[in-house]
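Work through these exercises with the structure open beside you. Try each task before you read its solution.

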Amino acid sequence: MGKPSVQLYSVRDAFAADPADTLRRLAAIGFTQVEPYGVVENVAALSAGLPANGLSAPTAHAKLIGEDQNAVFAAAKQLGIAVVIDPLVKPEQWQNAADITATAEALNAAAKIAEDHGVRVGYHNHWWELESRIDGRSAFEVFADQLDPAIALEVDAYWATAGGENAPELLRRLGSRVHAIHVKDGALATDASGQVPAGQGSVPLADVLAAAPDALRVVEFDRYDGDIFDGIAASFAYLTEGAK
């Protein structure tokens, strides 16, 4: 789906210290799109920094459940963000069907509020939604079945694989529900240690990308032992020069 994006959480320390320079450096790598986090907190820096560097933000992460959703969606609308993705619902909420239904209902309600602002809601997985099984199925898929069809899924291929799921098969089952993929690689440690540029680790990324050809590719690192901008540049090269 066009050119890759990058999750700004990957460069959170640099962004907190100097958001303008961080966005400039990402644009210099070749990115034209980014995925912000904390849209309300960072709206001023993003309002200035995105257009100054020729960047857009088609998606963003922001906590939705239990938050002032009108404020989040208003900030997203101001920044031109089309899909606001809740990045995390804690592991204990994925262990039984009733809790999973409650989360789905909360996001469905958020989607109605988002619609009033002209934006959409999404959800991003970690490993625990795939590791938890409800009647033989992953909690993530049980959850997806209960979502309003307007809600987008952002599948993190690294976390899905770390949770014991075959990520390409998961993507094929979810089909057009998948709006974006977090392109991340490494040794599959759930503490995010040992993450490496795309194509250099244990995630079957070529198969992942082939399984969801229309999904937005979003580079992300939770942790990286080297220079994070070098790691991001290597992942960008993998997506633009190697596997599509």
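**Exercise 1: A pair within one helix**

The side chains of R24 and D21 form a salt bridge, with 2.7 Å from N to O. This is a predicted model. Task: find where R24 and D21 lie, and decide how open each one is.

Solution.
Step 1. Locate the pair. R24 and D21 both belong to helix α2, residues 19-29.
Step 2. Look at their spacing. R24 and D21 are three residues apart, about one turn of the helix.
Step 3. Recall the geometry. An α-helix has 3.6 residues a turn, so residues three or four places apart point the same way.
Step 4. Judge the exposure. R24 has 44% relative accessibility and counts as partly exposed. D21, at 27%, is also partly exposed.

**Exercise 2: Pairs that link distant parts**

Task: say which parts of the chain are tied together by the salt bridge of K112 and D148. Then treat K184 and D156 likewise.

Solution.
Step 1. Take the contact between K112 and D148. Their side chains meet in a salt bridge of 3.4 Å, N to O.
Step 2. Place both residues. K112 sits in helix α5 (97-116), and D148 sits in the loop between α7 (139-144) and β7 (152-156), so the pair ties together parts that are 36 residues apart in sequence.
Step 3. Check the burial. K112 is partly exposed, at 47% relative accessible area. D148 has 19% relative accessibility, and buried means under 20%, so D148 counts as buried.
Step 4. Turn to K184 and D156. Their salt bridge spans 2.7 Å, N to O.
Step 5. Place this pair too. K184 is in the loop between β8 (178-183) and β9 (185-186), while D156 is in strand β7, so the pair ties together parts 28 residues apart in sequence.
Step 6. Check the burial again. K184 and D156 are both buried.
Step 7. Look for shared partners. Salt bridges with partners in common join R133, E141, E165 and R173 into one network.
Step 8. Note the total. The count comes to 10 salt bridges.

**Exercise 3: Read the sheet**

Task: give the strand order of the open sheet, and say which strands stand at the edges.

Solution.
Step 1. Write the order. The seven strands run β1-β11-β8-β7-β4-β3-β2, with parallel pairing.
Step 2. Find the edges. β1 (5-6) and β2 (59-61) each have a single partner strand, so one side of each is left without a neighbour in the sheet.
Step 3. Check the β1 edge. β1 and β11 pair in parallel over two bridges. V6 has V219 in β11 as its bridge partner.
Step 4. Check the β2 edge. Three bridges join β2 to β3 (residues 83-86), again in parallel. H61 has I85 in β3 as its bridge partner.
Step 5. Move inward. β8 pairs with β11 over four bridges. Here I181 has R217 as its bridge partner.
Step 6. Take the next pairing. β7 and β8 run parallel and are joined by four bridges. V155 stands opposite I181 in β8.
Step 7. Ask about cover. Five of the six residues of β8 are buried, so β8 is largely enclosed by the rest of the structure. Both faces of β11 (residues 216-219) are covered: L216 and V218 are buried on one side, and R217 and V219 on the other.

**Exercise 4: The two sides of a helix**

Task: which residues of helix α3 are buried, and which exposed residues lie on the face turned away from them?

Solution.
Step 1. List the buried residues. In α3 (residues 43-52) they are V43, L46, G49 and L50.
Step 2. Use the arc. These residues cover only 140 degrees around the axis, which puts them on the same side of α3.
Step 3. Turn to the face away from the buried side. That face carries the exposed residues A44, P51 and A52.

**Exercise 5: The largest pocket**

Task: describe the space in the largest pocket and the residues that line the pocket.

Solution.
Step 1. State the volume. The largest pocket holds about 280 Å³ of space.
Step 2. Name the residues at its heart. Of the 15 lining residues, Y9, P87, H126, E220 and D222 are closest to the centre.
Step 3. Sort the lining by class. Six residues are nonpolar, five are polar and four are charged.

Conventions
Residues are numbered from 1 along each chain as its sequence is written. This is a predicted model: local features need pLDDT of at least 70, side-chain atom pairs count only at pLDDT 80 or more; totals for chains, interfaces and linings use all residues. Side-chain values use heavy atoms; hydrogens and water are left out. Two strands pair if DSSP finds at least two bridges between them. On a 1 Å grid over the protein atoms alone, a cavity is a set of points where a 1.4 Å probe fits but cannot get out, and a pocket is an open set with protein on both sides within 12 Å along at least five of seven lines; lining residues have an atom within 4 Å of a point. Grid points are joined across faces, edges and corners, and a volume is the space filled by probe spheres set on the points. Ala, Val, Leu, Ile, Met, Phe, Trp, Tyr, Cys and Pro count as nonpolar, Asp, Glu, Lys and Arg as charged, and the others, Gly among them, as polar. A salt bridge is a side-chain nitrogen of Lys or Arg within 4 Å of a carboxyl oxygen of Asp or Glu. Buried means under 20% relative accessible area, exposed over 50%, partly exposed in between (1.4 Å probe, protein chains only). The arc is that of the directions from the helix axis to the C-beta atoms.
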